Amino acid sequence: MKEFIKTMPKVDLHLHLDGSVKPSTLLELASQHGIQLPTTNKQSLVSFMQIEDECKSLTEYLKKFDLVLPVMQTIEAIERISYEVVEQASFENCKYIEVRFAPQLHRNKGLSIEEVMTAVLRGLEQGQKQFGVISRAIVICMRHQSVEENIEVIRASSKYLGTGVVGVDLAGNEASYPARMHQEVFKVANEYHLPITIHAGEAAGPESIYDAVTYLGADRIGHGIRLKEDGSLFEVIKQKQIPLEMCPISNIQTKASESWEHYPLKEYFEKGLLVTVNTDNLTVSNTTITKEYETIAENFSLSTKEICTLIMNGVEAAFLPLKEKQQLADEFSRSFSKILP
C-alpha cells in the first residue's frame, strides 16, 4: 500500500504557506534580516516549528506560526517560501496544490496587499514551471481582523482571480469570532464570483459550519470535523455535496478529534460526503500528503480503490475552471487505470 500511495498522483487543497516553511530557510532568512531565533541549530530549531507528540489544543498549535511570520515580511522571502512549498509538493507526486495565505499578516514592514499577493503568485508560478505542479492560491481573511480590512483583502483578490488566485478563505479563532461577523465581507466575495472555503467545525461546533454555508456562501468547508453533531446539517452538506477539506494528522494534533478511533473521515466517506484529504501545514504538523494517505490507510483499513476515490474527490473539489479540472481528472484517471480494473 505504501508504494502504491507514494506513486499515485495526488492533490492538496488545504495547505498553509506560513505553516510550511523549511527550517533551513527560516535560519537563512532570519540571519539575513537580523531576526533572533530561539536557536541557530537546525535540528534544535525544528522542535520550535513542529508539534511534538502531545499538543493540548488548536491555540497551542497556532503558536508555532509566531516564529516564522517575522521573516515573511519581504517580497523576496515570501516568493522564496512559496516556491519551496511547490518543491516540497513535487517530492510527493502531488500534481495540484492550492496554497493559502493571509496577506494582512505579511505587512509589518510596509508591503501592500497587492505586493504580498504578487510575491506569492510569482513564487508559485516559478515552482510550477520548475517542478510541474499546478499551483494556485487561496487568499485568507482573518477572523480577528475588521470587516473593512477583510473587504480590502477580497477586493484585491478579485483582481487576481483567474491569474493565480482561485478562491478566498476565512481562518483564525473560530470560537471567539463567529463566521456571521464577516457576512458583509463574503457578500462582496460573492459579488466578485470568488470561490469560497471557510475554516469551520474544527475549534467550534456544527453551528460554525452552518454559519459558513448559510451566511457566507461557502463552496467548501475547511476541516468540518464536528459536522456529525448535527444530523440535519449533515444531510444538507451531503445533499449539496459541499466538499470537506479534512487534514487528518493536524486534526488529531489540535484535538479537533480526540483520537483516530473517533476521527470521522471514514464515516463521512461511507455516508456519501465529498471528503478530501489534505496536509494543512507541512512543517508544523511534520507531514506530507503521502504521509496523510498512509496514515488513514493504516488507521481505517482503506483499499486502493477507496484511496483513489478520495484522491479524485480532491480533483473534483478543486477551485479550477471546468476545462482545466477535466484535464486533471483525465490525467489522474489514466494513472489509476493502470492499477485498478
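Here is a walk through the sheet, its helices and the hollow spaces of this predicted model.

**The sheet**

Let's start with the strands. Eight of them form an open sheet, and their order is simply β1-β2-β3-β4-β5-β6-β7-β8. The pairing is parallel. Two strands stand at the edges: β1, covering 10-16, and β8, covering 275-277. Each of these has a single partner strand, so one side of each is left without a neighbour in the sheet. Neighbouring strands don't line up perfectly either: on average they are turned by 25° against each other, direction ignored.

Now zoom in on one edge. β1 pairs with β2 (residues 94-101) in the parallel sense, over five bridges. If you want to find one such partnership in the structure, look for lysine 10, whose bridge partner in β2 is cysteine 94.

**Helices on the sheet**

Helix α5, residues 75-90, packs on the sheet and touches β1, β2 and β3 (134-142). Its direction makes about 145° with that of β2. Further along, helix α7 (residues 147-160) lies across β3 and β4 (165-171), and α7 runs at about 160° to β3.

**Two helices side by side**

α5 also packs against another helix, α6 (residues 113-131). The angle between α5 and α6 is about 35°, and their axes are 7 Å apart. The crossing of α5 past α6 is right-handed. Which residues make the contact between α5 and α6? From α5 they include Ile75, Ile78, Tyr83 and Val86, and from α6 they include Val116, Ala119, Leu124 and Phe131. Charged residues take part too, among them Glu79 of α5 and Arg122 of α6. Sorted by class, the residues of this α5 and α6 contact are nine nonpolar, seven polar and four charged.

**Hollow spaces**

There is one cavity of 30 Å³ or more. Its lining is made by Asp18, Gly19, Ser20, Met49, Lys64, Val68, Thr283 and Val284.

The largest pocket is lined by 29 residues, and those closest to its centre are Leu62, Met142, Ala171, Gly172 and Asn173. Which elements give two or more residues to this lining? They are β1, α4 (58-62), β2 and β3. Among these, α4 gives the most to the pocket lining, with four residues.

Here are the two spaces, with volumes and the classes of their lining residues:

| Space | Volume | Nonpolar | Polar | Charged |
|---|---|---|---|---|
| Largest cavity | about 30 Å³ | three residues | three residues | two residues |
| Largest pocket | about 650 Å³ | 13 residues | nine residues | seven residues |

To tie this together, look back at the strands: β1 and β2 pair with each other, α5 touches both β1 and β2, and both strands also help line the largest pocket.

How values were computed: Residues numbered from 1 in each chain as written. Predicted model: local features only at pLDDT ≥ 70, side-chain atom pairs only at ≥ 80, totals over all residues. Heavy atoms only, no water. Pairing = 2+ DSSP bridges. Axes fitted to C-alpha atoms, helices over the stretch in contact; angles between N-to-C directions. Contact = heavy atoms within 4.5 Å. 1 Å grid on protein atoms, 1.4 Å probe; cavity = no way out; pocket = protein on both sides within 12 Å on 5 of 7 lines; lining within 4 Å. Points joined across faces, edges and corners; volume = space filled by probe spheres on them. Left-handed = near helix turned anticlockwise from the far one by under 90°.
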